[in-house]
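Thank you for making the time this morning. I would like to walk you through one model, so please have the sequence and the structure open while I talk.

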Amino acid sequence: MDTIWLSGAEWLAVLRVGLGLWWLESWRHKDKKGWFERGTGIEWAAGVAAKHRWNAVRSGFDVVVRPRPRTMAYVVVYAELALGLGLVAGFLTPVALIGGLLLNVLYFTLMIHDWAEQGQNAMMALISLVALFGMAWQTWSIDGALGWFGA
């Protein structure tokens with residue numbers, strides 16, 4: 001494979017780190033006090049889910065999220081932080097890529113009516129797939145330095 005400036009593995013590392021920074025920005029801009037103390041994030045998502053066109057989304061939200069809003073707020077916020085840190089550092093990279101892909105699919109599905117959210121989550125999911133199948137942990141990563149997950 002011919003590339004300009006960096007090797008193919010290095011470009012995949014750039015993609016992985018960029019995705020990690022995207023997750024960190026998603027975490028950074030959240031109003032943590034609102035999410036944890038007032039439940040604003042889960043309350044907003046509940047409103048979206050309640051009007052969703054697919055019954056599976058409405059009922060799934062009611063079964064999984066609605067009964068435990070505080071726990072789910074912590075899960076969402078700290079999952080984004082963990083994904084960002086894991087991808088930037090290249091630590092447990094395949095786990096972070098699969099976890100991020102699943103979170104993007106959930107976000108994409110919940111926000112099926114919002115074109116901006118669909119675009120963002122589709123692109124993040126695509127980057128996750130490319131980084132996963134390109135084994136983006138081979139370069140500039142803790143996983144690579146430790147020889148984890150093959151090379």
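Let me begin with a question: where is the place of Asp143? Asp143 sits in helix H8, and I will come back to that residue after some words on the model as a whole.

What you see is a predicted model, in which local features need pLDDT of at least 70 and side-chain atom pairs count only at pLDDT 80 or more, while totals for chains, interfaces and linings use all residues. Residues are numbered from 1 along each chain as its sequence is written, and side-chain values use heavy atoms, with hydrogens and water left out.

The protein has 8 helices and 0 strands, where helices (H or I, at least four residues) and strands (E, at least two) are DSSP runs numbered from the N terminus. Its C-alpha trace spans about 50 × 30 × 25 Å along the principal axes. Of the 151 residues, 40% count as buried, and by buried I mean under 20% relative accessible area, with exposed being over 50% and partly exposed in between (1.4 Å probe, protein chains only). If we take the contacts with a separation of 6 or more, 69% of them come from residues 24 or more positions apart, a contact being heavy atoms within 4.5 Å. The protein exposes about 8600 Å², and carbon and sulfur atoms supply 69% of that area; accessible areas come from the Shrake-Rupley method with a 1.4 Å probe, and for residues only the protein chains shown count as cover.

Now back to Asp143, which is buried yet has no salt bridge, the nearest side chain of opposite charge being Arg16, at 7.1 Å. A salt bridge here is a side-chain nitrogen of Lys or Arg within 4 Å of a carboxyl oxygen of Asp or Glu, and for charge, Lys and Arg count as positive and Asp and Glu as negative, whereas His and the chain ends are not counted. What does Asp143 touch, not counting residues up to four places away in sequence? The residues are Gly90, Phe91, Leu92, Thr93, Pro94, Trp137, Trp148 and Phe149.

Several of these names return in a nonpolar surface patch of about 610 Å², made by Phe91, Leu92, Val95, Ile142, Leu146, Trp148 and Phe149. Patches are made of residues with over 30% relative accessible area and no salt bridge, like charges being joined within 9 Å and nonpolar side chains (Val, Leu, Ile, Met, Phe, Trp, Tyr) within 5 Å. Within this patch, Val95 belongs to helix H6, residues 93–110, and is exposed, with a relative accessible area of 53%. Leu92 lies in the loop between helix H5 (69–89) and H6, and is partly exposed at 34%.

Leu92 also deserves a look at its backbone, since its phi is near 55 degrees, a positive value in a residue other than glycine. Most residues other than glycine have a negative phi. Met135, in the loop between H7 and H8, likewise has a positive phi, near 50 degrees, and counts as partly exposed at 26% relative accessibility.

That loop, between helix H7 (115–133) and helix H8 (142–146), also holds Thr139, which is buried at a relative accessible area of 15%. Leaving aside neighbours within four places in sequence, Thr139 is in contact with Ala9, Glu10, Ala13 and Arg16.

How many salt bridges does the count come to? The count comes to 4, and I will describe some of them. Arg28 and Glu25 meet at 2.8 Å, N to O; both lie in helix H1 (residues 8–28), 3 residues apart, about one turn of the helix. Arg28 is exposed at 52%, while Glu25 is partly exposed at 34%.

Glu80 and Lys30 also meet in a salt bridge at 2.8 Å, N to O. Glu80 lies in helix H5 and Lys30 in the loop between H1 and helix H2 (32–38), so this pair ties together parts that are 50 residues apart in sequence. Both Glu80 and Lys30 are buried.

Finally, Arg38 forms a salt bridge with Asp31, the closest N and O atoms being 3.1 Å apart. Here Arg38 is partly exposed, with a relative accessible area of 48%, and Asp31 counts as partly exposed at 40%.
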